[in-house]
Amino acid sequence: MLDLFTIFTKGGIVLWCFRSTNQLFTPPVNALIKSVILQASGERSGVYDHDGLSLQYKLDNEFELVFVVAFQKILQLSYIDKFLSDVHLEFRDRYKNDLRVDNRNYGDFEFSADFRRILERAEKWGRQQATMPKQMRSYEDSAKSKKTVASMIERKGEEKPPAGGSKKSVKISEKKKVEMVDSEGVESSSPKSSSNGPEPGDDLIMESRKKFAEKMMGKGSKGSKVEKQKSPKSPSQQLKSGKQMRVWDLGGNTKDLPNLDRSKDRPEDVKSDFTPNDQIIGSMRGGIQDLDVESDSEDYSEEDDDDGDDDAYEEQRGKKQQSSRGGMFSMFKGLVGSKNLTLDDMQPALDKLRDHLIGKNVASDISQKLCDSVAGKLEGKVIGTFDTIAATVKNTLTEALVQILSPKRRVDILRDCLEAKRAGRPFVMSFCGVNGVGKSTNLAKICFWLIENNLSVLIAACDTFRAGAVEQLRTHMRHLNALHPPEKHSGRNMVQLYEKGYGKDAAGIAMEAIRYANDSKIDVVLIDTAGRMQDNEPLMRALAKLIKVNEPDLVLFVGEALVGNEAVDQLVKFNQALADYSSSDRPHIIDGIVLTKFDTIDDKVGAAISMTYITGQPIVFVGTGQTYTDLKALNAKAVVHALMK
C-alpha cells in the first residue's frame with residue numbers, strides 16, 4: 001500500500017528509508033523539500049501532491065527531522081495520519097539520545113521491525129474504523145452552531161406582511177370613495193339608508209362629502225374655461241412641443257467632428273512644444289537602482305515590542321504575583337530558560353504581530369498564514385536562556401518575510417533582451433491588470449529604461465476599448481523620441497507605436513506587432529492591454545487568448561501598492577483565468593509583478609508581501625512617481641525593515 005517512507009534531517013541526511021517498489025522517488029521528495037519545507041508557507045504537517053503521488057509529511061522542530069510517507073494518490077488510506085504520528089513518536093523515543101544537538105551520532109538505525117509492527121497495527125485500526133457505523137455529527141460540527149447572533153435578528157425590511165383584514169378594509173374604503181361621486185361629479189346616494197333617522201356625526205359626514213363634490217366639479221369647470229379661452233395655435237406653433245434644448249457656447253456640432261478627432265497625427269501635433277529634460281538622459285543606464293523605504297512609525301521599536309509581548313505573555317499565563325516579585329526580579333519576566341516552546345507561549349506575540357502586519361496593509365488571511373508558519377517552525381524548539389519569546393518570534397517572522405520577497409529565480413530583463421536579439425527575434429513583454437493601476441504609465445517608464453540601454457522598442461497599442469488609450473501611448477512615444485532622437489542612434493527611431501485604432505481584436509494587433517518587429521529588427525515589443533476586472537469572464541477570456549496566441553516571453557501583472565485584501569483576489573483570479581481559459585496543457589500564467597504608486601503609501605508596504613506570497617513570483621519593477629526615472633527595483637530587506645518597524 002505504501003510506496004515510500006523516509007526519515008531525514010533538515011540538513012539533508014537520510015536516517016532511515018523504506019521502499020516497496022523500484023520507482024525513483026527523488027524528484028517528488030525534492031519537489032516537496034523545495035516547494036514546502038524550505039518555504040515560509042510550510043506547515044508543521046500536511047499533504048503535497050506530485051505526479052500522481054501523495055506525499056504526507058510531519059516536521060519535528062526539536063530534533064530537526066522530517067518524516068515523509070508516499071503512496072498513490074488514487075488510494076484512500078484513512079490510517080495515514082495515525083500511522084505517521086505513531087512512527088514519529090516511536091522513532092523519537094527510541095533514538096532521542098542519538099538525535100540531540102550536542103551529541104549527534106548518526107549511525108545505523110535498525111527501525112525496520114518497529115516500522116512493520118506499527119504499520120500492521122495502523123492497518124488493523126483502519127479496517128476497524130471502516131466497519132464501525134458512522135457517528136452522528138455533534139452540535140459544534142453542524143452549520144447551525146456557526147450561525148451568528150446577527151443572522152437571527154429580524155431586520156426592519158423583513159417584517160411579516162399585514163393580515164388580510166387590513167387589505168380588505170382598504171379595498172372597501174376605496175370602493176366607497178368611488179361611489180361618492182358619479183361620472184359627472186354629482187353626489188350619489190349612500191349605499192345604505194338609515195331608517196331610524198340621522199345618527200350622531202352624519203351631518204359632518206354629509207358636509208364633507210358635499211365639499212369634496214364641489215371641489216371636483218370646480219376643477220372640471222376650470223379646465224373647460226381655460227380651454228375655451230385659449231386661442232387656436234398656428235401650424236408652426238403646434239409642431240413645437242416640450243422644453244427647448246439649450247444652446248451652449250462652444251458646444252460644437254457635427255461640423256466640428258473632424259477638428260476634434262485626435263486619433264491621427266497632424267503636422268501641428270508632430271511639432272509639439274515639448275522640451276526634453278536633458279538631466280534625465282543617461283540616468284537609467286545599466287541596472288535599475290534599489291528601492292529605499294523610510295518608515296515613519298518610529299514609536300514601534302524592538303524594545304517596546306518585546307516588553308509589550310512579554311507583558312501579554314505574563315497576563316495570559318495567569319501569573320499574578322505582583323508584590324512578592326517586585327524589584328530586580330521583574331527584569332527576568334520574559335526570559336525562558338532552555339525549555340521547549342509551545343503554542344500557548346507564542347500566542348500573545350503572534351497575535352500582536354498579526355495585527356501589526358494587517359495594519360501595514362498585508363492581507364488578513366496572509367497574515368494569519370505567516371503567523372501559523374512561524375508557530376509551526378518554532379513549536380518544540382529550545383531557545384536560549386536570555387532570549388525572549390517575542391524577540392525569537394519576531395526574528396523568525398523577519399527571516400520568513402525576507403525569504404518570501406527574495407526572488408526564487410533570477411530575473412534579468414536586459415540579459416534576456418540581448419539573448420533574444422542575438423537569436424534574431426524580439427523580446428516580448430505583456431502587461432495586464434485591473435483598471436486604473438498605471439499600466440500605460442509604467443510601460444512608458446520601462447520603455448525609457450530600455451532605450452537608455454540602447455534597445456529599440458515597439459509599443460503595441462492593444463487597449464482598443466478605453467477612450468484616449470492610443471493617444472496616450474502616442475504622446476509617450478513622441479516624448480521618448482524627443483529625449484532620444486534618431487540623430488543620436490544612427491538615424492534609428494528608438495520608440496515606435498503599432499496601432500490599429502479602436503474596437504479591433506487585441507490578440508490580432510499583438511500578433512501583427514510582433515511580426516512587424518521581427519521584420520524591422522526591433523529589439524523589444526511591449527504589449528499594452530486594456531484594464532479589466534478579475535470577475536469579468538469575457539475580458540479574461542480575451543486576455544488568455546492574447547497570451548496563448550502570441551506567447552510572450554514575460555507576462556507582468558501591474559498592481560497598486562494601495563490595496564490590501566483586494567490584491568489577493570486579483571492575483572488569484574487572474575492566474576486562475578489564464579490557466580482555465582487557455583487550451584494549452586502548460587498555460588502561461590503571471591511571471592512577475594509591477595508594483596505601482598509606491599510613493600503614496602509611506603511604510604504600509606504589505607501589498608508587496610501579499611502579492612509575492614500568493615503567486616510566488618518576484619516583484620520586477622516598483623513605480624515611485626510620475627516621471628520616466630521613477631522606476632526602482634525591490635529591495636527585500638528595506639521593505640521588510642519598513643514592514644516590521
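Me: Two strands count as paired if DSSP finds at least two bridges between them; helices (H or I, at least four residues) and strands (E, at least two) are DSSP runs, numbered from the N terminus. Which residue stands opposite Leu631 in strand 13?

Reply: A word on the model: it is predicted, local features need pLDDT of at least 70, side-chain atom pairs count only at pLDDT 80 or more, and totals for chains, interfaces and linings use all residues. Numbering starts from 1 along each chain as its sequence is written, and side-chain values use heavy atoms, leaving out hydrogens and water. Strand 13 pairs with strand 12 (residues 619–623) in the antiparallel sense, over 2 bridges. In this pairing, the residue opposite Leu631 is Gly623.

Me: Which strands stand at the edges of the open sheet?

Reply: The open sheet has 8 strands with mixed pairing, in the order 8-7-9-6-10-11-12-13. Each edge strand has a single partner strand, so one of its sides is left without a neighbour in the sheet; the two are strand 8 (495–498) and strand 13 (631–632).

Me: At about what angle does helix 15 run to strand 9?

Reply: Angles here run from 0 to 180 degrees between N-to-C directions, with axes as lines fitted to C-alpha atoms, for helices over the stretch in contact. Contact means heavy atoms within 4.5 Å. Helix 14 (residues 413–422) crosses several strands, including strand 6 (427–432), and runs at about 135° to strand 6. Helix 15 (residues 439–452) also lies across several strands, among them strand 7 (457–462) and strand 11 (592–596), and its angle to strand 9 is about 170°.

Me: Which residues does the UniProt domain annotation cover?

Reply: Over the annotated stretch the chain is 0% helix and 43% strand, and its end C-alpha atoms are 16 Å apart. UniProt positions are given in the numbering used here, with shortened feature names, and annotations may be inferred rather than shown by experiment. According to the unreviewed UniProt entry, "domain: SRP54-type proteins GTP-binding" covers residues 618–631.

Me: How many salt bridges are there?

Reply: Side chains of opposite charge can pair when their charged atoms come close. A salt bridge needs a side-chain nitrogen of Lys or Arg within 4 Å of a carboxyl oxygen of Asp or Glu. By that rule, the count is 21.

Me: How far apart in sequence are the parts tied together by Arg94 and Asp114?

Reply: These two side chains form a salt bridge at 1.8 Å, N to O. Arg94 sits in helix 2 (residues 80–99) and Asp114 in helix 3 (residues 112–131), so the parts that this pair ties together are separated by 20 residues.

Me: Is Asp535 buried or exposed?

Reply: Buried means under 20% relative accessible area, exposed over 50%, and partly exposed in between (1.4 Å probe, protein chains only). Asp535 forms a salt bridge with Lys573 (2.7 Å, N to O). The two are 38 residues apart, with Lys573 in helix 19 (residues 565–580) and Asp535 in the loop between strand 9 (524–529) and helix 18 (537–550). While Lys573 is partly exposed at 29% relative accessibility, Asp535 reaches 54% and counts as exposed.

Me: Which residues do shared salt-bridge partners join into one network?

Reply: Salt bridges with partners in common link four residues, Glu90, Arg94, Asp114 and Arg117. One of the pairs is Arg117 with Asp114, at 3.3 Å, N to O; both lie in helix 3, 3 residues apart, about one turn of the helix. Asp114 is buried at 12% relative accessibility, whereas Arg94 at 43% and Arg117 at 38% are partly exposed. The network, then, is Glu90, Arg94, Asp114 and Arg117.

Me: Is Gln56 in strand 4 buried or exposed?

Reply: Gln56 belongs to strand 4 (residues 53–60). Beyond residues up to four places away in sequence, Gln56 touches several others, including Phe67, Phe71, Ile80 and Leu84. Its relative accessible area is 10%, so Gln56 is buried.

Me: What share of the residues in the protein chain is buried?

Reply: The chain holds 21 helices and 13 strands. Among its contacts with a separation of 6 or more, 75% are between residues 24 or more positions apart. Of its 645 residues, the buried share is 40%.
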